[in-house]
Amino acid sequence: MQISTPPRLERLPELAYNLFWTWTPEARRLFTRLDPELWERTEHNPVRLLQETENLEAAAGDADFVDAYHLVMREFDEYLAGRDTWMGYAYPGLAGSTRVAYFSAEFGLHESLPIYSGGLGVLAGDHVKSASDLGVPLVGVGILYAQGFFRQRIDAEGNQREIYEPFDPEARPVRPARDPDGGKVLVSVEMPGRELYLKVWEVEVGRSAVLLLDADIPENSEEDRHLTARLYGGDTRTRIAQEIILGVGGVRALRACGLRPAVYHMNEGHAAFLGLERIREMVAAGEDFRDARRRVAESTVFTTHTPVPAGHDAFAPELFREFSSGWAEWLGTDRDGLWALGHKQEAWGPVFNMTVLAINLSRSRNAVSQIHRDVSHKMWYDLFLGDDHGEGRPITHVTNGVHTWSWLSAPMAELYDRYSGGRAWRNTVDDPTAWSFVAEIPPEELWETHRTTKEEMRGFVNERLRQQRERTGATAPVQEIDPEALTLGFARRFATYKRATLLLRDPERLREIAKSADRPVQFVFAGKAHPADSPGKEFIKALYHAAEEADLAGHLVILEDYDMDVTRRLVQGVDVWLNNPRRPLEASGTSGQKASLNGAPNFSVLDGWWPEAYNGRNGWTIGEDGEYASLEEQDAADARSFYETLEGSLVPLFYERTASGVPEGWVEVMKEAIATVAPKFSTQRMVRDYVHKLYVPRATGTERLGLSR
Ligand SMILES: *Cc1c(COP(=O)(O)O)cnc(C)c1O
């Protein structure tokens, strides 16, 4: 559908199609102001808003609105012009044309683009946004899932219901990608016995872009059109097809858009087929297999994201053979040579493992926290026996972070501006000294600002609970959360290792803590379980029933339809962020970083990023730093530790108030959390680390080999 805007506001569509608005409060405010009701109804999707609103003429006649519009457009133009970016002075030789291609099966950029399921996708989205902020010339490559990830309903029995809705790209902030001559981009990949055609879309993310591949076009058979319907949907046939689409189709999409990046980043093994396609290109140009393989590895970065075995895709020999027919020849090798690139011997037989492929076809590899690096070494040790790369450790680490501007609440950002003496600190958010102003914020002001965002969160949660109750037929007890109670948030995918129900191990003890008359505690949960994950769904059910069964109505609530909007509201509004995964399975985790940035300290098992951040004053830990004899023992000990610390440390500190009602001791922890976590665990720090440690070595390697343009 066309958008027609009055001449005085003619650049609004430009703004709507660049996700710059997602992290720019003034731009978001402009859209909200244009049509507040429709803004909510479209799930903060400015493209649909502009297509459907009837307020454009009135806005064009409103001098105030037009002024605000000009201010936003000026900021937008300055941002896009990108003068004085970090990349420009750190690596002037590498700034400029697109140097890095970042491949990921999911991108969490905004709730209006539901092509992500959880932390991996959101990290990819935050990576692209910070690359844009820093001027790192990077293009993302992913898939446009026609039905996105599912929407979640929780029925009256506490069962998760999955609803798939058509995505309709015409009404989203995506547009057809263009080739260098301005034409639309169509590429194809080989599937068993046929060609599969892919349309290429583009999302603008500040100065960066993400290309998205889409099989749902008339050129394909009905069945093939569904191949990109769902993220992590379907069986292993769908999965291998999606990974061919991402890896092989992705490289072809770059070429069709006229792009020859110097560095290829595989964000998780899902993307590893990109290496095969690049070898194929080189062999077609006259190279032999071994040289091509070496050159591809030389220019490739691989990031592994989980120690959970299910997170490492592997395909049975027959399936791989069926989908890779022709490939051995194109690569200038034989079937064994191709198979060896991904071969892994499992107890049940040989498989083609995508992490093995990624490791074999990359020269720089990283895990996403220190602990995760050590765990990854153990997991993949065999592959590095006799490794002569000479770089010392074959897997390094770059700890994850978050895009400050996508997660920091506007009231907090304004408070920070005020005490840092302007907006200059915003350019150096990854510099710990830039955050020294936090110590100067008067406790009552920080507390007041937090109360404002908590109140917004409370309104959102209670409204969601009301809607849920209305839909499920109102048999559930009426639930509302209390604005004064100590509020813990827990929102993430309901993978079993994350142990969402750990707090229910001793319901009586929990009840005693939560329902204290003068020092109540409440928990807000949200999260989706993968449709095939029955134990994860049982967690949702158990939490849903806790209100009645454990007599915790109003003290433990679970919201449906978890997405980036829900995350944002919770991390900005709760008092504490809870994370209790089974150690050492949380590779990094990032939601606690989002909360700390907003002054909600982390209360977590010492796993993932937390051991690198925890200093005894910026949050709390759960459980021991050591090993347990059994999972059962670990669960029991962690639960005990959780109750003890909550009761003995968090509750007393939170409820100890000055005469004016400010919990000064608590505010100290808030400040310490902000000042220590915000800089170090920003994607601004993270992307710079990627550039220094991984991209630059690979780009210079590439140059040495004469690979770049
Ligand atoms: C930040 C975020 C996550 C990360 O959750 P962790 O459990 O901390 O890894 C997951 N999902 C969404 C939607 C997020 O925004």
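Q: How far is the polar side-chain atom of Lys 498 from an oxygen atom of the ligand?
A: In this predicted model, that distance is 2.8 Å.

Q: Nice. And what about Ser 591 and the ligand?
A: Ser 591 has a polar side-chain atom 2.6 Å from a ligand oxygen atom. Thr 567 joins in too, with an N or O atom of its side chain 3.2 Å from an oxygen atom of the ligand.

Q: OK, so how much of the ligand's accessible area does the protein cover?
A: The protein covers 97% of it, where the ligand on its own has 390 Å².

Q: Which residues are around the ligand, then?
A: Here is the full set: Gly 118, Gly 119, Val 122, Trp 407, Arg 492, Lys 498, Tyr 562, Thr 567, Gly 589, Thr 590, Ser 591 and Lys 594.

Q: How do those shell residues divide into nonpolar, polar and charged?
A: There are 3 nonpolar, 6 polar and 3 charged residues in the shell.

Q: Which helices supply at least two residues of that shell?
A: Two helices do so: H8, covering 119-134, and H24, covering 591-597.

Q: Why does the ligand lie between domain 2 and domain 3?
A: Because both domains give residues to the shell around the ligand. Domain 2 is made of 94-400 + 687-705, and domain 3 is 408-681.

Q: Switching topic: how many aromatic pairs are there in the whole structure?
A: A search finds 37 of them. There is also an aromatic cluster formed by Trp 405, Tyr 416, Trp 425, Trp 435 and Phe 437.

Q: Cool! What lies over the face of Tyr 79?
A: That's Arg 207, at 4.5 Å from the ring centre. Phe 150 has Lys 528 over its face, with 5.1 Å to the ring centre.

Q: Now the backbone. What kind of peptide bond joins Arg 583 and Pro 584?
A: A cis one, with omega at about -5°.

Q: Where does Pro 584 lie?
A: Pro 584 is in the loop between strand E19 (576-579) and H24. H24 is one of the helices we met around the ligand.

Q: Last one: is phi of Asp 84 positive or negative?
A: Positive, near 60°, and Asp 84 is a residue other than glycine. You'll find Asp 84 in the loop between helix H6 (63-81) and helix H7 (86-90).

How values were computed: Residues are numbered from 1 along each chain as its sequence is written. This is a predicted model: local features need pLDDT of at least 70, side-chain atom pairs count only at pLDDT 80 or more; totals for chains, interfaces and linings use all residues. Side-chain values use heavy atoms; hydrogens and water are left out. A residue is near a molecule or strand if one of its heavy atoms lies within 4 Å of it. A polar contact is a pair of N or O atoms within 3.5 Å; within protein, one must be able to donate a hydrogen and the other to accept it, and residues adjacent in sequence count only if both atoms are side-chain atoms. Accessible areas come from the Shrake-Rupley method with a 1.4 Å probe; for residues, only the protein chains shown count as cover. Helices (H or I, at least four residues) and strands (E, at least two) are DSSP runs, numbered from the N terminus. Ala, Val, Leu, Ile, Met, Phe, Trp, Tyr, Cys and Pro count as nonpolar, Asp, Glu, Lys and Arg as charged, and the others, Gly among them, as polar. Domain bounds come from an automatic or database domain assignment. Rings of Phe, Tyr and Trp (its six-membered ring) pair if their centres lie within 6.5 Å; planes under 30 degrees apart count as stacked, over 60 as edge-to-face and the rest as tilted. A charge sits over a ring if NZ of Lys or CZ of Arg is within 6 Å of the ring centre and within 35 degrees of the ring normal.
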